[in-house]
Amino acid sequence: MFIPIFFILSILFSSTNAADFCVGDLNGPVGPAGYSCKKTVTVNDFVYSGLAATGNTSNLIKAAVTPAFSAQFPGVNGLGISIARLDLAVGGVIPMHTHPGASEVLVVIQGTICAGFISSANKVYFKSLNKGDIMVFPQGLLHFQINAGKTQSLAFVSFSSPDPGLQILDFALFANDLPTDIIEETTFLDAAQIKKLKGVLGGTG
């Protein structure tokens, strides 16, 4: 009888001593598991107001993503969640991209957004979403969002990681120094097209 009671008590005490959270110390080291824990924590560490303002869509893609990841919102460090604001001007687009570290859920707040993803079997899933619609994008798969309406669109996206990571396909191919001849051989684009895209996105080579 003694051993089971001791076992139950040990579980209870170990549970009460477990850390409830690990607010990120942005001045400390960061590794694959996130930031180290901040020693002094206040309620302000669990509140973030950075998503209230409309993002600046005066850019090439006519879109803005305002993140509340662990680097901006240390309270989500270690909790397996984060969120971002997505603003799309008329004609705005979030190009084909992937989040290697998280799945994503998008909810449309305003406007109409055409969103979709491509499975690892190269099957395409896309749909025109309206206010209140939700769509999920599985971890690591290429996906996109386009303003499909005639007014500004707004959405919020949540992630299953405090740091989902990001790789944009166009930038991965054309915004660096990967040689044109290699891109030509691996994408079947001609050199003139590649150099034009490199010129637009700031790539060389």
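This report looks at the two largest pockets of a predicted model and at a set of annotated residues.

Residues are numbered from 1 along each chain as its sequence is written. Local features need pLDDT of at least 70 and side-chain atom pairs count only at pLDDT 80 or more, while totals for chains, interfaces and linings use all residues; side-chain values use heavy atoms, without hydrogens or water.

**The pockets**

A pocket here is an open set of points on a 1 Å grid over the protein atoms alone, where a 1.4 Å probe fits, with protein on both sides within 12 Å along at least five of seven lines; lining residues have an atom within 4 Å of a point. A volume is the space filled by probe spheres set on those points, which are joined across faces, edges and corners.

| Pocket | Volume | Lining by class |
|---|---|---|
| Largest | about 340 Å³ | 15 nonpolar, four polar, one charged |
| Second largest | about 170 Å³ | five nonpolar, five polar, one charged |

In these classes, Ala, Val, Leu, Ile, Met, Phe, Trp, Tyr, Cys and Pro are nonpolar, Asp, Glu, Lys and Arg are charged, and the others, Gly among them, are polar.

The largest pocket has 20 lining residues, and Val65, Ile94, His97, His99 and Leu166 lie nearest its centre. Strand 3 (63–68) gives the most to this lining, with four residues. Strands are DSSP runs (E, at least two residues), numbered from the N terminus.

The second largest pocket has a lining that includes Val30, Gly31, Tyr35 and Asp163. Strand 1 (30–31) and strand 2 (34–35) are the elements that give two or more residues to that lining.

**The annotated residues**

Which residues does the "binding site" annotation cover? In the unreviewed UniProt entry, they are His97, His99, Glu104 and His143; such annotations may be inferred rather than shown by experiment. They span 47 residues in sequence, yet no two of their C-alpha atoms are more than 12.0 Å apart, so they gather at one spot. From this set, His97, His99 and Glu104 belong to the lining of the largest pocket.

His99 sits in the loop between strand 5 and strand 6 (104–110), and Glu104 is in strand 6. His99 is buried (under 20% relative accessible area) because its relative accessibility is 7%. Glu104 is also buried, at 3%.

Polar contacts (N or O atoms within 3.5 Å, one able to donate a hydrogen and the other to accept it) link the side chains of these residues. His99 pairs with His97 at 3.4 Å, and Glu104 pairs with His99 at 3.1 Å.

Methods:
Buried means under 20% relative accessible area, exposed over 50%, partly exposed in between (1.4 Å probe, protein chains only).
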